[in-house]
Each structure stands twice: as C-alpha cells, then as structure tokens.
Amino acid sequence: MVDISEIWSLFIYAVVIGGLLACLFGLSAMTGTRRRGAAMGRSMSLPFESGMMPTGSARLRLPVQYYLVAMFFVIFDVETAFLLPWATVVARVGWIGYGAAVFFIAFLAASLLYLWRAGALEWGPQPRLPRIGGKASVS
C-alpha cells in the first residue's frame, strides 16, 4: 500500500496546475471581447477564420514535391535518432559499433545519392525544351 507522504508532492502539483488553469480561464473570460447580435457581424459566426471574411477555397492543392520532401525529412531524421544515442556510448561499443554506424551512414548516403540522381530532390519548375520546326528538340 502507498503511504500518503509518498504522493504528497503529486497532490500539491495537481492543485497548483488546477489553480493555474482556473486563473487562465478566468482571465480570458474577463478580458476577452464579447460581441452579441448585430455587432457580431456575419464573419464572426464563421468557423476558423478569426473574424476575417474568408476568401477563396480552403482546399489548397500542394505539389507532390512538398510531400516527398516531408517524407525524405522523416526518413533522414531517423538517422539522428539512431546516431545521437550511439555517440553517447561510442567508447563502450568499440570497433563493432563504429563499423555498424559507418555502414548505417553509408547506406543513408547511398539512398540520398539515389534520390538525387533520380531527380526526386528537384523542386523547381521543369525547364521546357525549345521547339525546333514544330517538334521539341532532344539533345
């Protein structure tokens, strides 16, 4: 059974957090602007626009390259998640750990080189080939 003296600090923490939340909600209710009826306006009743009249469509089409770069970031960010803990124990793991880290970095470098050569990292607009005699030149 848990003695009350062992969880006393957790109870104090919960009371302090509850008091802080009550103060934040109370201050926001007292200082927040309130508009009712006609003063509220048509735009204030619309969601997610912060009182501004919406313009255009909310459906924004992003290019595929945006998602590719996001996926590449996640994939190569895993490198940090593996190499930083390895760096803290590098003296204890010895040459076997060093070899595994070099293999891991070489594999990531090879995959980055593949993505680069495949053109997956090219963001900008694709240049148009000049037309010669009605046909696109390929040279």
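A residue counts as exposed when its relative accessible area is over 50%. Trp95 passes that mark, so it is exposed, at 73% relative accessibility. Keep this idea in mind as you explore the chain, which is a predicted model. Along the sequence its elements follow the pattern α-α-α-α-β-β, that is, 4 helices and 2 strands.

**How far to trust the model**

- The mean pLDDT of the chain is 79, and 73% of the residues reach 70 or more.
- Helix 1 (residues 8–31) has the highest mean pLDDT among the elements, at 92.
- At the other end of the ranking is strand 2 (residues 135–136), whose mean pLDDT of 56 is the lowest among the elements.
- Where pLDDT is low, the predicted coordinates should not be read in detail.

**The chain as a whole**

- Of the 139 residues in the chain, 6% are buried.
- The accessible surface of the chain is about 12700 Å², and carbon and sulfur atoms account for 69% of that surface.
- Looking at contacts with a separation of 6 or more, 42% join residues that are 24 or more positions apart.

**Helix 3 and helix 4: straight or bent?**

- Helix 3 has 25 residues, which should span 36 Å at 1.5 Å a residue. Its end C-alpha atoms are 38 Å apart, so the span agrees with the expectation.
- Helix 4 tells another story: with 29 residues, a straight helix would reach 42 Å at 1.5 Å a residue, but the end C-alpha atoms of helix 4 are only 35 Å apart.
- Where is the kink in helix 4 centred? Find Ile96, where helix 4 has a kink of about 75 degrees.
- You can also look at Val90 and Ala101, which are 11 residues apart in sequence. Their C-alpha atoms are 9.7 Å apart in space.
- Val90 is found in helix 4, and its relative accessible area of 37% makes Val90 partly exposed.
- Just after helix 4 comes Gly119, which has a positive phi, near 85 degrees.

**Where helix 3 and helix 4 meet**

- Which residues of helix 3 are buried? They are Phe72, Phe76 and Leu83, and the buried residues of helix 3 pack against helix 4.
- In helix 4 the buried residues are Gly97, Ala101, Leu108 and Leu115. Helix 3 is included in what covers the buried residues of helix 4.
- Leu108 is a good residue to zoom in on: its place is in helix 4. The cut-off for buried is under 20% relative accessible area, and Leu108 has 11%, so it is buried.
- Leaving aside residues up to four places away in sequence, Leu108 touches Phe76 and Glu79.
- Leu108 and Phe76 are 32 residues apart along the chain, yet their C-alpha atoms are separated by 7.5 Å.

**Aromatic pairs**

- How many aromatic pairs does the structure hold? There are 4, and two examples follow here.
- One of them joins Phe82 and Phe104, whose ring centres are 5.6 Å apart. The planes of these two rings stand at 75 degrees, and over 60 degrees counts as edge-to-face, so the pair is edge-to-face.
- The pair of Phe82 and Phe104 links distant parts of the chain: Phe82 belongs to helix 3 (residues 64–88) and Phe104 to helix 4 (residues 90–118), 22 residues apart.
- Is Phe82 buried or exposed? With a relative accessible area of 53%, Phe82 is exposed, whereas Phe104 is partly exposed at 23% relative accessibility.
- Another pair is formed by Trp95 and Tyr98, with ring centres 5.6 Å apart. Their planes are at 90 degrees, so this pair is edge-to-face too.
- Trp95 and Tyr98 both lie in helix 4. They are 3 residues apart, about one turn of the helix.
- An α-helix has 3.6 residues a turn, so residues three or four places apart point the same way.
- Trp95 is exposed, at 73% relative accessibility, while Tyr98 is partly exposed, with a relative accessible area of 41%.

How values were computed:
Residues are numbered from 1 along each chain as its sequence is written. This is a predicted model: local features need pLDDT of at least 70, side-chain atom pairs count only at pLDDT 80 or more; totals for chains, interfaces and linings use all residues. Side-chain values use heavy atoms; hydrogens and water are left out. pLDDT is the predictor's confidence in each residue, from 0 to 100. Rings of Phe, Tyr and Trp (its six-membered ring) pair if their centres lie within 6.5 Å; planes under 30 degrees apart count as stacked, over 60 as edge-to-face and the rest as tilted. Buried means under 20% relative accessible area, exposed over 50%, partly exposed in between (1.4 Å probe, protein chains only). Contact means heavy atoms within 4.5 Å. Accessible areas come from the Shrake-Rupley method with a 1.4 Å probe; for residues, only the protein chains shown count as cover. The expected span of a helix is 1.5 Å times one less than its number of residues. The bend at a residue is the angle between axes fitted to the seven residues ending there and the seven starting there.
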